[in-house]
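Reader: I am new to this structure and would like to be led through it step by step. Could you show it to me, and then take my questions in turn?

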Amino acid sequence: MTTQAHPVDRELVQAAARVARTRCRGDNHTMAAAARARDGRIVTAVNAYHFTGGPCAELVLIGTAAAQGIYELDTVVAVGDRDRGIVPPCGRCRQALLDYFSALKVIVGAPGGEGARAIPVADLLPESYVWADHQLDTEPDTGPGTEPRAGETAPPGAG
């Protein structure tokens, strides 16, 4: 792993902290996330905690960004409520962020912002599995009885 630090987007950290302070109330919403889009816009979101495993703020952020027509994010940060400061993404979020935005920078650091740094999301998952790398390039199916292309085998149960 070769961690390459990038400048920390302080405005982004402040945006996430502001949302955590003003919108996270009680046990249902305890984390806020903010991301900067490639075009400079900032999008924010909060988690939706639920005992069944509700989504983290970073996952809600992906959907919120898409709902606003934002599909390219440059940097993301998550901040905990009750002045817990910057909180690194969990493993599930690290994987999702890597799969959606492979060039994304993630702001991590000690609570309170001490030692905050922005690092590539891939550095959070050394020897990572990249979902897109394992998808088959397929041609559109032309219907029942379609023969596999040269070098391919038919899926189990196929004619």
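Author: Let us start with the strand β1 in this predicted model. Seven of the seven residues of β1 are buried, so the strand is largely enclosed by the rest of the structure.

Reader: Which residues of β1 lie on each of its two faces?

Author: In a regular strand the side chains alternate between the two faces of the sheet. In β1, both faces are covered, and the residues on either side are all buried. One side carries Met31, Ala33, Ala35 and Ala37, and the other carries Ala32, Ala34 and Arg36.

Reader: With which strands does β1 pair, and in what sense?

Author: β1 pairs with β2, residues 42-46, over five bridges in the antiparallel sense, and within this pairing Ala32 has Val46 as its bridge partner. With β3, residues 73-80, there are seven bridges, and here Met31 stands opposite Gly80. The partners of β1 are therefore β2 and β3, and the sense is antiparallel in both pairings.

Reader: Which residue in the turn between β1 and β2 has a positive phi?

Author: The two strands form a hairpin, with four residues between β1 and β2. In that turn the residue with a positive phi, of about 100 degrees, is Gly40.

Reader: Is Thr30 buried or exposed?

Author: Thr30 is placed in the loop between α1 (10-23) and β1 (31-37). Leaving out residues up to four places away in sequence, Thr30 touches Cys24, Asn47, Gly80, Asp81 and Arg84. Because its relative accessibility is 18%, and the cut-off for this class is under 20%, Thr30 counts as buried.

Reader: How many disulfides are found in the structure?

Author: A disulfide is a covalent bond between the sulfur atoms of two cysteines, and here a pair must lie within 2.5 Å to count. For Cys90, the nearest cysteine sulfur is that of Cys93, 3.7 Å away, while the sulfur of Cys93 is 3.7 Å from its closest cysteine sulfur, in Cys56, which is too far for a bond. A search of the whole structure finds a number of disulfides equal to zero.

Reader: What are the relative accessible areas of Cys90 and Cys93?

Author: Cys90 is partly exposed, whereas Cys93 is buried. The relative accessible area of Cys90 is 33%, and that of Cys93 is 0%.

Reader: Which residues touch the most other members of the largest nonpolar core?

Author: In soluble globular proteins, nonpolar side chains tend to be buried together. The largest nonpolar core has 25 residues, and β1, β2, α2 (57-67), β3, α3 (91-100) and β5 (105-108) each supply at least two of them. A second, separate core of 16 residues includes Leu12, Ala15, Val77 and Ala118. In the largest core, the residues that touch the most other members are Val43, Leu61, Leu73, Val76, Leu97, Leu104 and Val106.

Reader: In what pattern do helices and strands follow one another along the protein chain?

Author: The protein chain has three helices and six strands. Read along the sequence, they follow the pattern α-β-β-α-β-β-α-β-β.

Reader: Over which residues is the pLDDT below 50?

Author: The mean pLDDT of the protein chain is 85, and 81% of its residues reach 70 or more. Where pLDDT is low, the predicted coordinates should not be read in detail. The stretch with pLDDT below 50, which has five contacts in the model beyond near neighbours in sequence, covers residues 148-159.

Note on methods:
Residues are numbered from 1 along each chain as its sequence is written. This is a predicted model: local features need pLDDT of at least 70, side-chain atom pairs count only at pLDDT 80 or more; totals for chains, interfaces and linings use all residues. Side-chain values use heavy atoms; hydrogens and water are left out. Buried means under 20% relative accessible area, exposed over 50%, partly exposed in between (1.4 Å probe, protein chains only). Contact means heavy atoms within 4.5 Å. Two strands pair if DSSP finds at least two bridges between them. pLDDT is the predictor's confidence in each residue, from 0 to 100. A nonpolar core is a set of buried Ala, Val, Leu, Ile, Met, Phe, Trp, Tyr and Cys residues joined through side-chain atoms within 4.5 Å.
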